[in-house]
Amino acid sequence: MHAELRDLVTAIDHVGIAVPDLDAAIAFHRENFGLAVVHQEDNEEQGVREAMLRAPGDTGAGTAVQLLAPLTPESTIAKFIGRSGPGLQQLAYRVSDVDAAAEALRARGLRLLYESAKRGTANSRVNFVHPKDAGGVLVELVEPGH
């Protein structure tokens with residue numbers, strides 16, 4: 001790993017799962033695995049209803065499960081579910097500076113989905129590495145909100 005990226009990537013932030021029904025998915029993860037919702041919101045810009053879940057005893061710094069349900073039939077998540085069905089949709093790395101991480105990845109020849117970061121969950125800033133450049137995996141870069 002290049003030094004500039006090693007200093008920017010701080011953790012695996014979350015794994016995103018596309019679901020058709022957010023409430024049913026929350027209930028499934030709560031009842032079967034004891035996960036608790038630590039944040040829930042509608043993100044109009046991204047076209048999703050989302051919830052972040054963590055394991056019992058997690059202080060908030062660990063890896064989360066993000067459940068993503070479509071707000072509209074035209075949203076990216078609705079299209080993903082229509083094409084691939086519900087399931088694993090993304091892997092997100094926590095970074096200290098999303099702009100610097102995006103620039104370092106572009107310098108390595110990777111394509112990012114956005115020219116500049118967009119608003120993510122809980123006022124985080126996000127960008128995504130194109131799946132075709134990441135072995136078929138949608139990789140999200142997340143700079144936590146303050």
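In this tour, a residue is called exposed when its relative accessible area is over 50%, buried when that area is under 20%, and partly exposed in between. The model to which these terms are applied is a predicted one.

**First stop: Phe-33 and Phe-28**

Please select Phe-33, which counts as exposed because its relative accessibility is 52%. Add Phe-28 to the selection; with a relative accessible area of 43%, Phe-28 is partly exposed. The two rings have centres 5.6 Å apart and planes at 70°, so they form an edge-to-face pair. The structure holds two aromatic pairs in total.

**Second stop: Tyr-114 and Phe-128**

The other pair to display is that of Tyr-114 and Phe-128, whose ring centres lie 5.9 Å apart with the planes at 85°, so this pair is edge-to-face. It connects distant parts of the chain, for Tyr-114 belongs to the loop between helix H4 (98-107) and S6, while Phe-128 belongs to strand S7, 14 residues apart. Are these residues buried or exposed? Tyr-114 is buried, at a relative accessible area of 18%, and Phe-128 is buried as well, at 7%. Now add Lys-118, which is found over the face of Tyr-114, at 4.7 Å from the ring centre.

**Third stop: the sheet**

Switch to a ribbon view and colour the strands. Eight strands make up an open sheet of mixed pairing, and the order to follow across it is S2-S3-S4-S1-S5-S8-S7-S6. The edges are occupied by S2 and S6, each of which has a single partner strand, so one side of each lacks a neighbour in the sheet.

Within the sheet, select S1 and S5, which run antiparallel and are joined by eight bridges. One residue to label here is Ile-12, whose bridge partner in S5 is Tyr-93. Proceed from S5 to S8: these strands run parallel, with four bridges between them. At this place Arg-94 stands opposite Val-142 of S8. Finally, go to S6 and S7, an antiparallel arrangement with two bridges. Arg-119 has Arg-125 in S7 as its bridge partner.

**Fourth stop: the largest pocket**

Which residues are the closest to the centre of the largest pocket? The pocket has a volume of about 600 Å³. Of its 30 lining residues, Thr-76, Gln-89, Gln-90, Phe-128 and Leu-138 are the closest to the centre. Two or more lining residues come from each of strand S3 (48-54), strand S4 (64-70), helix H3 (76-84), strand S5 (87-95), strand S6 (118-119) and strand S7 (125-129). Highlight H3 in particular, since it contributes the most to this lining, with five residues. Colouring the lining by class separates 13 nonpolar, ten polar and seven charged residues.

**Fifth stop: the second largest pocket**

The tour ends at the second largest pocket, with a volume of about 300 Å³. To centre the view, select Asp-13, Met-52, Arg-54, Thr-121 and Ala-122, which are the closest to its centre among the 17 residues that line it. Strand S1 (9-18), strand S2 (36-43), S3 and strand S8 (139-143) each provide at least two residues of this lining. By class, the lining of the second largest pocket comprises six nonpolar, seven polar and four charged residues.

Key
Residues are numbered from 1 along each chain as its sequence is written. This is a predicted model: local features need pLDDT of at least 70, side-chain atom pairs count only at pLDDT 80 or more; totals for chains, interfaces and linings use all residues. Side-chain values use heavy atoms; hydrogens and water are left out. On a 1 Å grid over the protein atoms alone, a cavity is a set of points where a 1.4 Å probe fits but cannot get out, and a pocket is an open set with protein on both sides within 12 Å along at least five of seven lines; lining residues have an atom within 4 Å of a point. Grid points are joined across faces, edges and corners, and a volume is the space filled by probe spheres set on the points. Ala, Val, Leu, Ile, Met, Phe, Trp, Tyr, Cys and Pro count as nonpolar, Asp, Glu, Lys and Arg as charged, and the others, Gly among them, as polar. Rings of Phe, Tyr and Trp (its six-membered ring) pair if their centres lie within 6.5 Å; planes under 30 degrees apart count as stacked, over 60 as edge-to-face and the rest as tilted. Buried means under 20% relative accessible area, exposed over 50%, partly exposed in between (1.4 Å probe, protein chains only). A charge sits over a ring if NZ of Lys or CZ of Arg is within 6 Å of the ring centre and within 35 degrees of the ring normal. Two strands pair if DSSP finds at least two bridges between them.
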